Structures are given as structure tokens and as C-alpha cells.
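Colleague: I have some questions about the labels in this model. Could you take me through the reasoning behind them?

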Amino acid sequence: MAGFSFSFSLVCAVLLGAFLVSTKPMLRKERVLRDPELSSRQAHEDNKSYQYDHEAFLGKDEAKTFDQLTPEESRDRLSKIVDRIDGDADGYITTDELNAWIKRVQKRYVYENVAKVWVDYDLNKDNKISWDEYKQATYGYYLANPEEFEDATDKFSFKKMLPRDERRFKAADLNGDLAADREEFTSFLHPEEFEHMKSIVVLETLEDIDNNGDGHVDEDEYIADMFAHEDGGPEPDWVRTEREQFSDFRDLNKDGKMDQDEIRQWIMPQDYDHAQAEARHLVYESDQDKDQKLTKQEILDNWNMFVGSQATNYGEDLTRNHDEL
């Protein structure tokens, strides 16, 4: 889900067609914020490749196909990763240690992502990215061709996105000099990771879904964000369930719509830690003697849950030197 909260560089992809929202029936969009690069969880019993587990445990962005390694090589390299996770070297992996590892992997993704795009925006190579540099790199063509820019009518048009990006950039620019250092630019590209940016994430979510512009999200807008009813037939069961969710859990004050506080509770629930939940899941599924912690052998016995058992692109950490992790 989390794609809705990334920078305009991803919105460009939307406009170019890479991430166009499908209008097919049965579409279901996930807006609840996960840790970076964690996909929406499917029921594990329905996800035989353990894709979510692999993303959480290994990271995804530069992952290589798992068929590069034999099962023996995979288990050997997983063994080295387990040694890294076992912070106190007591021979056991606890839920807390797994939680810390998963968060470390996801945090690494964020900063590696910023490092990859930094050179595209730091045009004068002063190790800062000014708003003008970002605007030129992202919007330069459209600013040079105002007839295309002004005529854009799509909801995610450049005309609408430039001031939205500028607003986000200024929120990330804590010292107000209109030049982002690495940390400020990271918070611009990944606002969901920074407390001072979360109000921007909420506001952008509201603007994306609030079709009638009244500053709230009603039930129909909430459903329309997930599901396009093309054929006039009955709504799928999951849509009816989502309507119940809206009434019972989203609309907290029961006024028929969500305000910004309610949207924040929806997309950034304070009482749920996704990394912690994944860590608990991995321990539960692999803990053969039910002592609520894992030995290296227990992890290796269930290695395909942690690193996969077929050709996937979630094995990056197995193919890089374990000292890098």
C-alpha cells in the first residue's frame, strides 16, 4: 500500500501508466501503512511461497532470484544471518531480536532507496537537494512546455502535484532553507517513516480519496478507493465487509464520514506494530519446542519460510556478504 505516500517521482510513473489504478471489478487497494517494502499480508495459509515473510526478513528492492543458490548454500548463508540476529550470542533468537532485525532490514531499504536517486536530484553536487533542483529534475519538461502543463486535467496531473510536492518538501525541510540534506530528503521521499511528516501523509490520503472536496471521506468514497463497480452486479463479499468496517471501526464518531484524525487511525494504527507481528509469526511457526524462542536449528529446519524454497526475488541478503547486513 504504501505507494500512495511516496514522492512525486512515483506519481510520474502513475501518469506514465506504470501504476495506473485499475478499474476492474474486484480491485482492492491497501492504504494501511506497512513498514517500507512490506506488501499487504495475505493469509499465510494462502501464500505458499511465504512472500510476505521473505520481504520482511530479507528485504526486497535489490533481491536476486532464489534459484541462484542451492538449498545447501541457502541454509549455509541463512545460518550466518542468524548469527547476526543473535545479538547477545546466547544461541537463541527471541521475538525482540527478530523484530529489531526486520526493522533494520526495512530501514536499510529506505536509505538505500534515497542513495540511489540522490544523484538524479543533486544537480550541483553540493550534497544537498534544493527545491529548485528537485522541481527542475522532476517538472523541468512540463515547466518548459506550459501548454501541456496547464491543460492537464487528470486528478494526479502535474499541475496539481507540483504544489503538493512543494508543500511536502517544505514540511521535510526542518531548517527552512529550501535545501534538503540526506535526512530531510529521506523524510520527503518516505514521509511515513518520520513522525513530523505523518500529518502530510494523512492530508495526501484525504486529498486522494475525497472526491467531493468536502474535507472528509464518506463511505462511498472509502469504497471507491478500493473498488470500481463496472458491471452493475452485486458487490463482492469483501466490499460488504469493508462497508461494515467503515461503519464499525473507521467512522469512530459515527457521523458518517472520516476526518483527518480518523484517517490517521486507519492508515497508521497506533496499537499495531507490523514488524512485531511478523516476528511473532515467524517464531510461532518455527518454534518446535514451544519455548517462545528459536534455536538456529529450528530456523534452519524451517528455512524456506525465512528465505524461500523456490525461485523468487527475495534472496538478496543471501547473496551479499553477511557482514554488510
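The exchange below goes through helix packing, salt bridges, burial and backbone angles.

Colleague: What kind of model is this?

Modeller: The model is predicted. The protein has 16 helices and six strands. Of its 325 residues, 46% are buried. The accessible surface is about 16,300 Å², and carbon and sulfur atoms hold 48% of that. Among contacts with a separation of 6 or more, 68% are between residues 24 or more positions apart.

Colleague: Start with helix packing. At what angle do α5 and α7 pack?

Modeller: The angle between α5 (residues 131-144) and α7 (residues 158-172) is about 175 degrees. Their axes are 11 Å apart.

Colleague: Why is α5 called roughly antiparallel to α7?

Modeller: The cut-off for roughly antiparallel is over 145 degrees. The α5 and α7 angle is about 175 degrees, so α5 is roughly antiparallel to α7. From α5, the contact uses Trp131, Tyr134, Lys135, Tyr139, Tyr142 and Leu143. From α7, it uses Phe158, Met161, Leu162, Asp165, Glu166 and Phe169.

Colleague: Which classes of residue make up the contact of α5 with α7?

Modeller: Nine are nonpolar and three are charged, with no polar residues.

Colleague: What makes α3 and α4 roughly perpendicular?

Modeller: Helix α3 (residues 71-85) meets α4 at about 105 degrees, and the axes are 10 Å apart. Roughly perpendicular covers 65 to 115 degrees. The pair falls in that range, so the label holds. Ile81, Arg84 and Ile85 of α3 touch Glu97, Leu98, Trp101 and Arg104 of α4. By class that gives four nonpolar, three charged and no polar residues.

Colleague: Now the salt bridges. How many does a search of the whole structure find?

Modeller: It finds 19.

Colleague: How do you know that glutamate 204 forms a salt bridge with arginine 168?

Modeller: The closest N and O atoms of glutamate 204 and arginine 168 are 2.5 Å apart. The cut-off is within 4 Å, so the pair counts. Glutamate 204 and arginine 168 are both buried.

Colleague: Why is it said that glutamate 204 and arginine 168 tie parts together?

Modeller: Glutamate 204 sits in α9 (residues 198-209) and arginine 168 in α7, so the bridge ties together parts 36 residues apart in sequence.

Colleague: What about lysine 198 and glutamate 195: what makes their side chains a salt bridge?

Modeller: The N to O value for lysine 198 and glutamate 195 is 3.5 Å. That is within 4 Å, so it is a salt bridge.

Colleague: Is lysine 198 buried or exposed, and why?

Modeller: Lysine 198 has 18% relative accessibility. Buried means under 20%, so lysine 198 is buried.

Colleague: And glutamate 195, buried or exposed?

Modeller: Glutamate 195 stands at 55%. The cut-off for exposed is over 50%, so glutamate 195 is exposed.

Colleague: Which residue does arginine 243 meet in a salt bridge?

Modeller: Arginine 243 meets glutamate 219, at 2.7 Å from N to O. This pair links distant parts of the chain, 24 residues apart. Arginine 243 is in α11 (residues 237-250) and glutamate 219 in α10 (residues 219-224).

Colleague: Why are arginine 243 and glutamate 219 called partly exposed?

Modeller: Arginine 243 is at 22%. Glutamate 219 is at 26%. Partly exposed lies between the 20% and 50% cut-offs, so the label fits.

Colleague: Which residues do shared partners join into one network?

Modeller: Arg164, Arg167, Arg168, Glu204, Glu207 and Asp208.

Colleague: Next, proline 146. Why is proline 146 called partly exposed?

Modeller: Its relative accessible area is 43%, so proline 146 sits between the buried and exposed cut-offs. Proline 146 lies in α6 (residues 146-151). Lysine 159 is 13 residues from proline 146 in sequence, and their C-alpha atoms are 9.7 Å apart.

Colleague: Last, the backbone. What is notable about phi at asparagine 127?

Modeller: Phi there is near 65 degrees, a positive value in a residue other than glycine. Most residues other than glycine have a negative phi. Asparagine 127 is in the loop between α4 (95-121) and β2 (129-130). At 45% relative accessibility, asparagine 127 counts as partly exposed.

Colleague: What is phi at lysine 254, and where does lysine 254 lie?

Modeller: Lysine 254 is not a glycine, yet its phi is positive, about 60 degrees. Lysine 254 is in the loop between α11 and β5 (257-258).

Conventions: Residues are numbered from 1 along each chain as its sequence is written. This is a predicted model: local features need pLDDT of at least 70, side-chain atom pairs count only at pLDDT 80 or more; totals for chains, interfaces and linings use all residues. Side-chain values use heavy atoms; hydrogens and water are left out. Helices (H or I, at least four residues) and strands (E, at least two) are DSSP runs, numbered from the N terminus. Buried means under 20% relative accessible area, exposed over 50%, partly exposed in between (1.4 Å probe, protein chains only). Contact means heavy atoms within 4.5 Å. Accessible areas come from the Shrake-Rupley method with a 1.4 Å probe; for residues, only the protein chains shown count as cover. Axes are lines fitted to C-alpha atoms, for helices over the stretch in contact, and angles run from 0 to 180 degrees between N-to-C directions. Angles under 35 degrees count as roughly parallel, over 145 as roughly antiparallel, 65 to 115 as roughly perpendicular and the rest as oblique. Ala, Val, Leu, Ile, Met, Phe, Trp, Tyr, Cys and Pro count as nonpolar, Asp, Glu, Lys and Arg as charged, and the others, Gly among them, as polar.
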